Amino acid sequence: MSYRESFYHYLMTQCSADAKDDVAQFANNAQNDQTFPKQEQSYEELSNYLELNAGYLPNMSIFDEAYQMYREKMSY
């Protein structure tokens, strides 16, 4: 299958009602972010967006960890 899901779509699989880890908390907060680039796959585009708009993300290493998990799932 050549279709790759967006990072947002992957991130939503990490949501958790009792978010104890940083990635789950990031996912829960991103779900409430109305302007999150939901179709984006590019690390650079996502990183730029988050640095400018995601006050809910305490540090970018959480995004880096989540993006690495996404890459591994997408196998590229």
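Where is the place of Ser47? Select Ser47 and you will find that this residue sits in helix H3, where a helix is a DSSP run of H or I with at least four residues, just as a strand is a run of E with at least two, both numbered from the N terminus. Before going on, note that this is a predicted model, in which local features need pLDDT of at least 70 and side-chain atom pairs count only at pLDDT 80 or more, while totals for chains, interfaces and linings use all residues. Residues are numbered from 1 along each chain as its sequence is written, and side-chain values use heavy atoms, with hydrogens and water left out.

**First stop: Ser47**

With a relative accessibility of 8%, Ser47 counts as buried (buried means under 20% relative accessible area, exposed over 50%, and partly exposed in between, with a 1.4 Å probe and protein chains only). If you set aside the neighbours within four places in sequence, Ser47 is in contact with Met60 and Phe63, contact meaning heavy atoms within 4.5 Å.

**Second stop: helices H3 and H4**

Now select residues 43–53, which form helix H3, together with residues 60–74, which form helix H4; their axes come within 11 Å and cross at roughly 150 degrees. Such axes are lines fitted to C-alpha atoms, for helices over the stretch in contact, and the angles run from 0 to 180 degrees between N-to-C directions. H3 and H4 are therefore roughly antiparallel to each other (angles under 35 degrees count as roughly parallel, over 145 as roughly antiparallel, 65 to 115 as roughly perpendicular, and the rest as oblique). To see what makes the contact, show Tyr43, Leu46, Ser47, Leu50 and Glu51 of H3, and then Met60, Phe63, Asp64 and Tyr67 of H4.

**Third stop: the rings around Tyr43**

Keep Tyr43 on screen, and add Phe63: the ring centres of Tyr43 and Phe63 are 5.2 Å apart and their planes are at 25 degrees, so the pair is stacked. Rings of Phe, Tyr and Trp (its six-membered ring) pair if their centres lie within 6.5 Å, and planes under 30 degrees apart count as stacked, over 60 as edge-to-face and the rest as tilted. This pair links distant parts of the chain, with Tyr43 in helix H3 and Phe63 in helix H4, 20 residues apart. Tyr43 is partly exposed, with a relative accessible area of 30%, whereas Phe63 is buried, at 0%. Next add Tyr67, which forms an edge-to-face aromatic pair with Tyr43, at 5.2 Å centre to centre and 75 degrees between the planes. Tyr67 is buried, with a relative accessible area of 6%. Widen the selection to Phe7, Tyr10, Phe26, Tyr43, Phe63, Tyr67 and Tyr70, and you have a cluster linked by ring pairs.

**Last stop: Val23 and helix H2**

Finally, select Val23, which is found in helix H2 (residues 22–31) and counts as buried at 3% relative accessibility. The C-alpha atoms of Val23 and Ile62 are separated by 6.1 Å, although these residues are 39 residues apart along the chain. Showing H2 and H4 together, you will see them pack at an angle of about 90 degrees, with their axes 9 Å apart, and H2 and H4 are therefore roughly perpendicular to each other. Here Asp22, Val23 and Phe26 in H2 meet Ile62, Phe63, Glu65, Ala66 and Met69 in H4.
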